[in-house]
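Student: I would like to go through this structure by asking, for each label, what justifies it. Could we begin with the overall picture and then turn to individual residues?

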Amino acid sequence: MSERWPPRRLAMLEAMGVPLRLPRMQAEVPQQAAAPPAAPGLGVRPVEAPVTAAAAPARAAPVAAEPATPRTAAPVRPAEPAVAPPRPAADARPVQSARPGPVAPPEATADGRRILGVESMDWPALREAVAGCRACGLCESRRQTVFGVGNERAEWMLVGEAPGEQEDRLGEPFVGKAGQLLDNMLRSIGLTRSEAEPARQVYIANVLKCRPPANRNPQPQEVLQCEPFLKRQVELVSPRLILAMGRFAVQSLLGSQEPIGRLRGRVHQYHGVPVIVTYHPAYLLRNPLDKARAWEDLCLAAAQRESGGGATSAP
Ligand code: URA
């Protein structure tokens, strides 16, 4: 079957590590998302139309629930007005922020925990606040906080779960095996975390800024405590699209406990920013057959980004 795919698409799938010899049902999946003309600027062929959950092809195997264990999530948040400030003209955007200057130490509430004023912080203040955060118990076991990386005016923002061992050691998100896969996925659609213009260089952040001990799942309270940091990062980046990778990103951004398999394939919103849901790269390492679906998600994201909203199928 793979020999009938266009060479360009094969190369992209290969870069992502998508198995090209798939069982019959699996091999049919990417063909649903194939074909139309290359999206300008991204070097990707977007899906013809958004793949809705209802229209998703039947699977030989059930859509693997990404989480291994059930968990309580952050509560569904009420609808809020858009918070993303208007983007300034592209030439006014700094590609990288200035290094943190001297800033006031993070404020805390009476119980000494929650950091206040995050919603009005600039990049240096936010970095400083995250670095000094002691709002939850994760500060006891972390080596360092992991803030985020990439273009602070990126058009694409990617949100993962939490730092792992290597991220905790190096202070940068997605530097382990999952990060290598993520970089390949980005490359397959012409994006990078390395220095580039805002249309090509993504910004990557996690729901949690500290590593949970032994890489355990984030706890609801930790997600809640860290939420203002992620929200402020989204406001400051003001991306045109967010890729929510994995169920904790989904829980934090969308307030949804639905499995990824039921949320992907359509466009959601986070304070007015389109959100595409996809599998976490670490999950894809364990379930490589679902890379074909992740590829569909990237195509949908690229189509959404190119259309500037036309591909939206969210309610
Ligand atoms: N997994 C994540 O969600 N984030 C990282 O930074 C690394 C692994």
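Tutor: The secondary structure of the protein chain comes to 11 helices and eight strands, and it should be kept in mind throughout that this is a predicted model. Of the 315 residues in the protein chain, 52% are buried, and 74% of the contacts with a separation of 6 or more are between residues 24 or more positions apart.

Student: Why is tryptophan 123 called buried?

Tutor: Its relative accessible area is 9%, and since buried means under 20%, tryptophan 123 counts as buried. This residue is in helix α3, which spans residues 123–131, and its C-alpha atom is separated by 9.5 Å from that of valine 237, although the two are 114 residues apart along the chain.

Student: What makes α3 largely enclosed by the rest of the structure?

Tutor: Seven of its nine residues are buried, so the helix is largely enclosed; the buried ones are Trp123, Pro124, Ala125, Leu126, Arg127, Ala129 and Val130. Their cover includes β2 (115–116), β5 (203–206) and α7 (220–237).

Student: How do you know that there is a polar contact at the start of α3, between aspartate 122 and alanine 125?

Tutor: A side-chain oxygen of aspartate 122 reaches to within 3.0 Å of the backbone nitrogen of alanine 125, and because the cut-off for such a pair of N or O atoms is 3.5 Å, the pair qualifies as a polar contact.

Student: Arginine 134 and arginine 232 are my next two residues; why is arginine 134 called partly exposed, to begin with?

Tutor: Arginine 134 has a relative accessibility of 43%, and because buried requires under 20% and exposed over 50%, with partly exposed in between, the value places arginine 134 in the middle class. Arginine 134 belongs to the loop between α3 and α4 (138–141), where its side chain and that of glutamate 140 are joined by a polar contact of 3.4 Å.

Student: And why does arginine 232 count as buried?

Tutor: Its relative accessible area is 14%, which is under the 20% limit, and therefore arginine 232 is classed as buried. Arginine 232 is found in helix α7, and, not counting residues up to four places away in sequence, it touches Val118, Glu119, Ser120, Met121 and Leu126. A polar atom of its side chain lies 3.0 Å from the backbone oxygen of glutamate 119.

Student: Which residues have the most contacts inside the largest nonpolar core?

Tutor: That core has 68 residues, and those with the most contacts inside it are Trp156, Met157, Leu158, Phe229 and Ile242. Leucine 158, for its part, is in contact with residues including Leu182, Leu186, Val202, Tyr203 and Met245, leaving aside its neighbours within four places in sequence.

Student: How do you know that asparagine 206 and histidine 280 make polar contacts with the ligand?

Tutor: A polar side-chain atom of asparagine 206 lies 2.8 Å from a nitrogen atom of the ligand, and a polar side-chain atom of histidine 280 lies 2.6 Å from an oxygen atom of the ligand; because the cut-off is 3.5 Å, both pairs qualify. The ligand has 230 Å² of accessible area on its own, of which the protein covers 92%.

Student: Which residues surround the ligand, and how are they divided by class?

Tutor: The residues around the ligand are Gly160, Glu161, Ala162, Glu167, Pro173, Phe174, Asn206 and His280, and by class this shell has three nonpolar, three polar and two charged residues.

Note on methods:
Residues numbered from 1 in each chain as written. Predicted model: local features only at pLDDT ≥ 70, side-chain atom pairs only at ≥ 80, totals over all residues. Heavy atoms only, no water. Helix = DSSP H or I, 4+ residues; strand = E, 2+ residues; numbered from the N terminus. Buried < 20%, exposed > 50% of the residue type's maximum accessible area, 1.4 Å probe, protein only. Contact = heavy atoms within 4.5 Å. Polar contact = N/O pair within 3.5 Å; in protein donor to acceptor, adjacent residues only side chain to side chain. Core = buried A, V, L, I, M, F, W, Y, C linked by side-chain atoms within 4.5 Å. Near = heavy atom within 4 Å. Areas by Shrake-Rupley, 256 points an atom, 1.4 Å probe, with all protein chains shown as cover. Nonpolar A, V, L, I, M, F, W, Y, C, P; charged D, E, K, R; others polar.
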